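Subject: Structure handover

Hi,

Here is the structure I promised to pass on to you. Have a look at it first, and then read my notes underneath.

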Amino acid sequence: MELKLPVYLDNNATTPMDPRVLEAMLPYFTEKFGNAASRNHSFGWVAEEAVDYAREQVAKLINADPKEIIFTSGATEADNLAIKGVYEMYASKGNHVITATTEHKAVLDTCKHIEKTGGQVTYLNVKEDGLIDLEELEKAITPKTILIAIMYGNNETGVVQPIREISKIARRHGVLFFTDATQAVGKIPVDVNADGIDLLAFSGHKMYGPKGVGALYVRRKNPRVKVTSQMDGGGHERGMRSGTLNVPAIVGFGKACELCMNEMESEAARLSKMRDRLENSLMELEETYVNGSTEHRLPHVSNISFKYVEGEGLMMGFNKNIALSSGSACTSASLEPSYVLKALGLGDDLAHSSLRFGLGRFTTDDQIDFTIDAIKSTVTKLREMSPLWEMFKEGVDINAIEWAHH
Ligand SMILES: *Cc1c(COP(=O)(O)O)cnc(C)c1O
């Protein structure tokens, strides 16, 4: 097989859609165009049947009941619905939410929003390995705490939080547990019952499905959880999310879930082997560090800092042949270093010199070979031109240098 360029290693940002997903979706754009809420004719029934089937496929992947799946436009909306929805629904019980500093912006900014409306939020720090401290979590709980919002797998580092331990703490204190599992679902086994999860958000386009569709899982028993709708109208999705259902996208999302269900185990093994090969080869370079726990980590992610080299510069060095993300410019056009890496205790220099590798279903061994060679030679070349590297090699303590600031 011929090497396919550019190499796409940004699967945490979005995944290409699987052709089998597209195939499942196509009829629902054209001849099967009905509104799933139309109860009076076959066009509506056909669409409704397709949505019901997709709801089963989606639920099955996380071991939920289909009735517990609320379709949304993606994980951002599901995060908003979970946090704002619980905050409003359980207002008489309390106003305190606990989350962590390394959450996705969709969670952090939603928490900031509820702070503006009188809510209280505790942002837990993480340890050097990216994991939260369970004792700190338990200590943060007050009689006013209504929700713990901790993500499953981190989008920048791949670090997987101790979900079962978190849910046990939540249960013990009668607090609901919400997890943004956008990076984990379809990649590793996620089971809302075994894991003790009350609400869970995920998204189609992070798991080889279409963009613009996702879901919020809302537990229906032990306990029965409710969220206040954030979108009012025709009362779709059991009143929790109104709006005509995006039938083709939902069909695709369902198909994507089914494919992950069937292929996850072998795919996780294939990807972690490839990821480890990539990581081990790159670690042969001096002054190279893997960011976050390598033990509690998603199988397809590696975040590596190449000290004395700028991530952005590195990417220019590849001549656009490798598509990945650096620890800068993650959410905007600014060159702010990643807040996730800084939360792990990295200095600006190491955060700026990081690259995030997100492997995926269509990544090949040839592409990994190409990436290893390209990165090794680019890092070596850039370091050879770097005065800091030269000083480091001469044994100068760079941290002791006083820089002129302006
Ligand atoms: C991508 C991502 C989101 C946002 O998902 P959308 O479906 O694009 O809105 C939220 N959380 C995490 C962890 C993500 O990786």
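Below is what I found, starting with one helix and moving on to the ligand.

Please keep in mind that this is a predicted model.

The helix is α3, which covers residues 75-89 and so counts 15 residues by DSSP. From its first C-alpha to its last α3 reaches 20 Å, close to the 21 Å expected at 1.5 Å a residue. Most of α3 is covered, with 12 of its 15 residues buried. Among the buried ones are A75, D79, L81, I83, V86 and Y87. And what do the buried residues of α3 pack against? Their partners are one helix-range, α4 (105-116), together with β2 (69-72), β5 (145-149), β6 (176-180), β7 (199-203) and β8 (214-218).

Now for the ligand, which has 13 residues around it. T76, D180, Q183, S203 and K206 are the closest of these. The shell consists of 8 polar, 3 charged and 2 nonpolar residues. Which element gives the largest share of that shell? That is α3, with 3 residues.

Three contacts to ligand oxygen atoms may interest you for your own work:

- S203 places a polar side-chain atom 2.6 Å from an oxygen atom of the ligand.
- Q183 has a polar side-chain atom 2.7 Å from a ligand oxygen atom.
- A75 takes part through its backbone, with an N or O atom 2.9 Å from an oxygen atom of the ligand.

As for cover, the ligand taken alone exposes 380 Å², and the protein buries 87% of that.

Best wishes

Key
Residues are numbered from 1 along each chain as its sequence is written. This is a predicted model: local features need pLDDT of at least 70, side-chain atom pairs count only at pLDDT 80 or more; totals for chains, interfaces and linings use all residues. Side-chain values use heavy atoms; hydrogens and water are left out. Helices (H or I, at least four residues) and strands (E, at least two) are DSSP runs, numbered from the N terminus. The expected span of a helix is 1.5 Å times one less than its number of residues. Buried means under 20% relative accessible area, exposed over 50%, partly exposed in between (1.4 Å probe, protein chains only). Contact means heavy atoms within 4.5 Å. A residue is near a molecule or strand if one of its heavy atoms lies within 4 Å of it. A polar contact is a pair of N or O atoms within 3.5 Å; within protein, one must be able to donate a hydrogen and the other to accept it, and residues adjacent in sequence count only if both atoms are side-chain atoms. Accessible areas come from the Shrake-Rupley method with a 1.4 Å probe; for residues, only the protein chains shown count as cover. Ala, Val, Leu, Ile, Met, Phe, Trp, Tyr, Cys and Pro count as nonpolar, Asp, Glu, Lys and Arg as charged, and the others, Gly among them, as polar.
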